[in-house]
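User: Hi! Could you help me see how the labels in a structure follow from their definitions?

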Amino acid sequence: QEDIGSELVGILERAYNDVGYVLGAYPDHAIPTIFYSDQDFAAATSRSIKVGGFYGLLDGKIRIALRGVRPQDPLLESVLYHEYTHALIYAISRGNNPPRWVHEGLAVHMERLRAPQFKEEALRRARAGELDSLQNSPYVLGAVAIEHLLDRYGMATMRLLLQRLGDGRPFPQAFQETFRTDLAVFEQAVRDVVTRGY
């Protein structure tokens with residue numbers, strides 16, 4: 001269906017330009033993107049169609065479940081932006097991948113759709129005394145943590161973190177050099193912010 005195909009290509013080109021501009025980088029190689037029917041997506045990725053998309057580190061391909069949505073649906077664009085962000089983080093860090101909470105938090109920030117929902121969920125969990133660690137809550141607390149870093153330091157500093165990873169530094173060292181704080185201290189600060197209700 002050429003009309004749908006051209007619209008999907010348009011979304012991909014916007015993601016390439018928008019995410020690349022914000023993160024200040026563009027991949028030096030093509031990133032194949034494959035669109036699947038729901039059944040084929042589950043078979044290809046061994047993941048539920050609920051996730052909507054998947055970036056494979058091993059083969060460098062983005063896989064998207066169309067889930068019956070049309071190209072005009074903002075959900076499809078957000079999934080593409082999210083998965084492309086993963087691909088670009090991997091490219092900037094040259095495979096020296098940051099923890100999953102950084103990956104998911106930045107991808108949620110770039111998709112511009114679910115961040116408010118995750119913030120509300122973090123508040124709910126804090127009120128219920130169910131707030132987990134960054135490692136165990138890469139989407140909910142990870143999204144909050146990334147927004148906290150961006151509010152305080154800006155995207156240029158976040159880019160510097162990824163570039164330091166690309167230079168081969170271990171993540172704790174790169175984080176300390178970039179944000180002048182220890183990871184454990186930062187995580188506690190994020191938990192305190194959420195617990196206080198922002």
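Analyst: Gladly! In this predicted model, I146, L149, L150 and Y153 of α6 touch M155, T157 and M158 of α7.

User: What makes these residues a contact of α6 with α7?

Analyst: Contact means heavy atoms within 4.5 Å, and the residues of α6 that meet α7 include L149 and L150. By class, this contact has six nonpolar residues, one polar and no charged ones.

User: How are the two helices arranged?

Analyst: The axes of α6 and helix α7 (residues 155-166) come within 7 Å and cross at roughly 115°.

User: Why is the aromatic pair of W101 and F171 called edge-to-face?

Analyst: Planes over 60 degrees apart count as edge-to-face. For W101 and F171 the angle between the planes is 85°, so the label fits. Their centres are 6.2 Å apart, and the cut-off for a pair is 6.5 Å.

User: What does the pair of W101 and F171 tie together?

Analyst: W101 lies in helix α4 and F171 in helix α8, so the pair ties together parts that are 70 residues apart in sequence. W101 and F171 are both buried.

User: Why is the pair of F118 and Y139 called tilted?

Analyst: Stacked planes are under 30 degrees apart and edge-to-face ones over 60. F118 and Y139 have 45° between the planes, so this pair is tilted.

User: How do you know whether F118 and Y139 are buried or exposed?

Analyst: Buried means under 20% relative accessible area. F118 has 13%, so F118 counts as buried. Y139 has 28%, so Y139 is partly exposed.

Notes. Residues are numbered from 1 along each chain as its sequence is written. This is a predicted model: local features need pLDDT of at least 70, side-chain atom pairs count only at pLDDT 80 or more; totals for chains, interfaces and linings use all residues. Side-chain values use heavy atoms; hydrogens and water are left out. Rings of Phe, Tyr and Trp (its six-membered ring) pair if their centres lie within 6.5 Å; planes under 30 degrees apart count as stacked, over 60 as edge-to-face and the rest as tilted. Helices (H or I, at least four residues) and strands (E, at least two) are DSSP runs, numbered from the N terminus. Buried means under 20% relative accessible area, exposed over 50%, partly exposed in between (1.4 Å probe, protein chains only). Axes are lines fitted to C-alpha atoms, for helices over the stretch in contact, and angles run from 0 to 180 degrees between N-to-C directions. Ala, Val, Leu, Ile, Met, Phe, Trp, Tyr, Cys and Pro count as nonpolar, Asp, Glu, Lys and Arg as charged, and the others, Gly among them, as polar.
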